[in-house]
Amino acid sequence: MPRREGRSERGIASVRPRDLSGSLTRQSILVAATTLLVDCLSFSLTSASAYPPMWRWAVLVAIVLVDAGLATAPRLSGVVAVAQAAVAVAGSALLPGNGGPPPQLNSAGLLISAYRAGAWLDTGPAVASLICLAAGTVGGQLLGGGHFEEGRLLLDPMANALLPWLVGRYTTARRAYIAELEQRSEREQRERRQALAEAIAEERSSIAHDLHDVISHHVSAISVHAGVARLKATTSTDAVDVTDSPPASGRGDPLLASLAAVETSSRAAMLDLRRLLDFLHGNASGPSGEDRQPGLDDLAALLDTVRAAGLRARVTVHGVPPELPESLDIAVYRVVQEMLTNALRHGDGRTADVELRYDRSSLTVTTTNPLPAGTRARPDSPHRGLQGIRSRAAMFDGSTGYGPTPDGRAWITTVTFPLSPLDPS
């Protein structure tokens, strides 16, 4: 019962590429808007009246433009980093600190652009962007009149450029490592599935060869010898060919009837073996034509076969037969076939009654056949045929029951298959 896709290992169940791209775009816009808001508020609070309005508005517009660039495509991260560094230097040159602390220009923009450069760019452009950002930070400090004795000339480049750049590089390396692990896992899964498929195909081929060598030759020999024996027996002066007079009518030689039944059964077994060999070789031709698997529509031919062997079998149907799935139809046929075979081998070999009872939720198959006189039934030690019936029923969540009647004169086997309810629509 097959399944299907779904990669929920990292909390993403089946996200289409378009949805993922849209989510990244929205997040980039949100990051750029937040950075712009932080930088604008910081600049406004520190330069409310200390600088000329014209220069103050010019620097503010420049901050807005470079922070808005953080929402652009990742491939432009280097250009955005250079622009951020240029604004830091130019703004400090236009608005000197006059010996006090340098103006707060685009500190948040420097941080985010350094991270983007480290995360999205290749090594060469990423290093160049880092140098530009560090130079812009140092230039802004020099032109803004910072307090160099406090060590800020070294601290600011490390905090505003190097640290976020390293975090970006680490994020990229981690993402690449996880992607490599996922690809390796998928590749190993494909290799395992391919190896399993090859092993199954090889095992099927081996089983097919064994069946052909060990079983098919012997069964075909049985068919040939039974046909030759029947033909020789019918050439005698007092023999009667039973192919036109089944033993149930009281006419014909029982020996000839047995030979005819052996010949017919062995031919049917050869057909089943050919179907099985085709399936194991992967050359099954489908359900149509002569090679289809037998189902309940073939019960009449099955009854003719067991009647030719001397078993008077009768089938009664109760209820309206629904349209059964092909696999279930084949399984029910095989169960009835096994029941009649057990009745022929372990019963008195004369009669067997098969009942098919359909209701809304189940199909019940019941077989009753007399036991030979003086035979003591042992329901606690079932034959291999009953084990096969149980396994077929279990494949469809069915149940199996068997055992002698209370008087010990007959054997009853019951198998119930659950049926799916009909679709009311």
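**Notes on the predicted model: helices, sheet and aromatic pairs**

1. Let's start with helix α4, where A108, G109, L110, S113, A114, R116, A117, G118 and A119 are buried. Please keep in mind as you read that this is a predicted model. The helix covers residues 107-120, which makes 14 residues. At 1.5 Å a residue it should span 20 Å, and its end C-alpha atoms are indeed 20 Å apart.

2. W120 deserves a quick look on your screen. What lies over the face of W120? It is R175, at 5.3 Å from the ring centre.

3. Helix α3 can be read in a similar way. It takes in residues 77-94, 18 residues in total. From its first C-alpha to its last it reaches 26 Å, close to the 26 Å expected at 1.5 Å a residue. Which residues of α3 are buried? They are S77, G78, V80, A81, Q84, A85, V87, A88, G91 and S92.

4. Now to the sheet. It is an open one, formed by five strands in the order β1-β2-β3-β5-β4, with mixed pairing. Its edge strands are β1 and β4 (399-404), each of which pairs on one side only. On average, neighbouring strands of this sheet are turned by 10° against each other, with direction ignored. As a reminder, strands of a sheet pair through backbone hydrogen bonds, either parallel or antiparallel.

5. The parallel part is worth tracing residue by residue. Strand β1 (residues 312-318) and strand β2 (residues 351-358) run parallel and are joined by seven bridges. Among the partners, R314 is matched with D353 of β2, and V315 with V354 of β2. How is the unit made by β1, helix α9 and β2 handed, left or right? This β-α-β unit is left-handed, with α9 spanning residues 326-346. That may be a detail you would like to check by eye in the viewer.

6. On to the antiparallel neighbour. Six bridges hold β2 and strand β3 (residues 362-370) together in the antiparallel sense. The two strands form a hairpin, with three residues between them. Within this pairing, Y358 has L363 of β3 as its bridge partner, while D353 stands opposite T368 in β3. D353 is therefore a handy landmark under the DSSP definition of bridges between strands: R314 is its partner from β1, and T368 is opposite it in β3.

7. The two faces of β2 are easy to tell apart. A352, V354, L356 and Y358 make up the covered face, whereas T351, D353, E355 and R357 make up the uncovered one. Putting this together with the pairings, V354, the partner of V315, belongs to the covered face, and D353, the partner of R314, to the uncovered face.

8. How many aromatic pairs does a search of the whole structure find? There are two. F396 and F417 form one that is edge-to-face, at 6.3 Å centre to centre and with 75° between the planes. F396 lies in the loop between α10 (384-395) and β4, and F417 in strand β5 (residues 410-418), so the pair ties together parts that are 21 residues apart in sequence. F396 is partly exposed, with a relative accessible area of 22%, whereas F417 counts as buried at 0% relative accessibility. The other pair, Y402 with W411, is stacked: 6.3 Å centre to centre, with 15° between the planes. Here Y402 counts as partly exposed at 25% relative accessibility, and W411 counts as buried at 13%.

9. D397 is another residue to look at in the loop between α10 and β4. Is D397 buried or exposed? It is exposed, with a relative accessible area of 70%. Its phi is near 60°, a positive value in a residue other than glycine.

10. One last stop is I330, placed in helix α9. Because buried means under 20% relative accessible area, I330 counts as buried at 17% relative accessibility. Although I330 and Q293 are 37 residues apart in sequence, their C-alpha atoms are 6.7 Å apart in space.

Note on methods: Residues numbered from 1 in each chain as written. Predicted model: local features only at pLDDT ≥ 70, side-chain atom pairs only at ≥ 80, totals over all residues. Heavy atoms only, no water. Helix = DSSP H or I, 4+ residues; strand = E, 2+ residues; numbered from the N terminus. Right-handed = clockwise from strand over helix to strand, strands pointing away. Axes fitted to C-alpha atoms, helices over the stretch in contact; angles between N-to-C directions. Buried < 20%, exposed > 50% of the residue type's maximum accessible area, 1.4 Å probe, protein only. Phe/Tyr/Trp six-rings, centres within 6.5 Å; stacked < 30°, edge-to-face > 60°. Lys NZ or Arg CZ within 6 Å of the ring centre and 35° of its normal. Expected span 1.5 Å × (residues − 1).
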